[in-house]
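The following exercises ask the reader to study a protein chain by stepwise reasoning. Each task is followed by a worked solution.

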Amino acid sequence: QVQLVESGGGLVQPGGSLRLSCAASGSIFSIYAMGWYRQAPGKQRELVAVISSGGSTAYADYVAGRFTISRDNAKNMVYLQMNSLKPEDTAVYYCNTNARAMSGRRDYWGQGTQVTVSS
């Protein structure tokens, strides 16, 4: 199994910044893509950003130019630097990875971390 633990959420004023971190642990053979998703109250979960094992990145239009995803393969970590935050960025942010463990290859999810952008 693979466990994902997010950290770094909190309350920030509009225009501010936050950095989310996600640590993967467990009986990991290989980690492939890693990404961040978010879910606001009453809305479906949506993709924020994704990064491949080789470092290629992709962003949703609504965060492009403001958010940056990165990863540390040696530490099995993925990060999301969020700048110029807006109230509409308020959501629970979830870490996701596609990984191969003893049970096979599948997607894994963290428990989520709350990000609130408000004055």
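## Exercise 1: The overall plan of the chain

Task. State which pattern the chain follows along its sequence, and how many helices and strands it has.

Solution. Read along the sequence, the pattern is β-β-β-β-β-β-β-β-β-β-β. The model examined here is a predicted one. In keeping with that pattern, the secondary structure comprises zero helices and 11 strands.

## Exercise 2: Dimensions and surface

Task. Determine whether the radius of gyration of the chain agrees or disagrees with that of a compact globule.

Solution. Step 1. For 119 residues, a compact globule would have a radius of gyration near 14 Å. Step 2. The chain has 14 Å, so the value agrees with the rule. Step 3. The box filled by the C-alpha atoms, taken along the principal axes, is roughly 45 × 25 × 20 Å. Step 4. Of the 119 residues, 39% count as buried. Step 5. The chain exposes about 6,100 Å², and carbon and sulfur atoms supply 47% of this area. Step 6. Among contacts between residues at least 6 apart in sequence, 54% join residues at least 24 apart.

## Exercise 3: A sheet of four strands

Task. Give the strand order of the open sheet of four strands, and identify its edge strands.

Solution. Step 1. The order is S1-S3-S8-S7, and the pairing is antiparallel. Step 2. Strand S1 (2–7) and strand S7 (67–72) each pair on one side only, and these are the edge strands. Step 3. From one strand to the next, the twist averages 15°. Step 4. Within the sheet, strand S3 (residues 18–26) and strand S8 (residues 77–82) run antiparallel and are joined by six bridges. Step 5. Cys-22 has Val-78 in S8 as its bridge partner. As a general principle, strands of a sheet pair through backbone hydrogen bonds, either parallel or antiparallel.

## Exercise 4: The partners of strand S9

Task. Describe how S9 pairs with S4, S10 and S11.

Solution. Step 1. S4 and S9 are antiparallel and share nine bridges. In this pair, Met-34 has Thr-97 in S9 as its bridge partner. Step 2. S9 also pairs with strand S10 (residues 104–109), in the antiparallel sense and over six bridges. Ala-101 stands opposite Gly-104 in S10. These two strands form a hairpin, with two residues between them. Step 3. The pairing of S9 with S11 is antiparallel, over three bridges. Here Ala-91 stands opposite Val-115 in S11. Step 4. S9 is mostly covered, with nine of its 11 residues buried.

## Exercise 5: The nonpolar core

Task. Find which residues have the most contacts inside the largest nonpolar core, and which element gives the largest share of this core.

Solution. Step 1. The core has 30 residues, and those with the most contacts inside it are Trp-36, Val-48, Phe-67, Val-78, Leu-80, Met-82 and Tyr-93. Step 2. Several elements give two or more residues to this core, including strand S4 (28–39), strand S5 (46–51) and strand S11 (113–117). Step 3. The largest share, five residues, comes from S9. Step 4. Met-82 may serve as an example: leaving out residues up to four places away in sequence, Met-82 touches Gly-16, Ser-17, Leu-18, Leu-20, Arg-66, Phe-67, Tyr-93 and Val-115.

## Exercise 6: The setting of Asn-98

Task. Decide whether Asn-98 is buried or exposed, and list its contacts beyond four places in sequence.

Solution. Step 1. Asn-98 is located in strand S9. Step 2. Its relative accessibility is 18%. Buried means under 20%, so Asn-98 counts as buried. Step 3. Beyond its neighbours within four places in sequence, Asn-98 is in contact with Ile-31, Tyr-32, Ala-33, Arg-105, Arg-106 and Asp-107. Step 4. Asn-98 and Gly-15 are 83 residues apart in sequence, and their C-alpha atoms are 32 Å apart in space.

## Exercise 7: Positive phi values

Task. State where Asn-76 and Ser-84 lie, and what phi value is found for each.

Solution. Step 1. Most residues other than glycine have a negative phi. Step 2. Asn-76 lies in the loop between S7 and S8, and its phi is near 55°, a positive value. Step 3. Ser-84 lies in the loop between S8 and S9, and its phi is near 50°, also a positive value. Step 4. Asn-76 counts as partly exposed at 25% relative accessibility, and Ser-84 counts as partly exposed at 40%.

Terms used
Residues are numbered from 1 along each chain as its sequence is written. This is a predicted model: local features need pLDDT of at least 70, side-chain atom pairs count only at pLDDT 80 or more; totals for chains, interfaces and linings use all residues. Side-chain values use heavy atoms; hydrogens and water are left out. Two strands pair if DSSP finds at least two bridges between them. Axes are lines fitted to C-alpha atoms, for helices over the stretch in contact, and angles run from 0 to 180 degrees between N-to-C directions. The radius of gyration is taken over C-alpha atoms; the globule rule is 2.2 Å times the number of residues to the power 0.38. Buried means under 20% relative accessible area, exposed over 50%, partly exposed in between (1.4 Å probe, protein chains only). Contact means heavy atoms within 4.5 Å. Accessible areas come from the Shrake-Rupley method with a 1.4 Å probe; for residues, only the protein chains shown count as cover. A nonpolar core is a set of buried Ala, Val, Leu, Ile, Met, Phe, Trp, Tyr and Cys residues joined through side-chain atoms within 4.5 Å.
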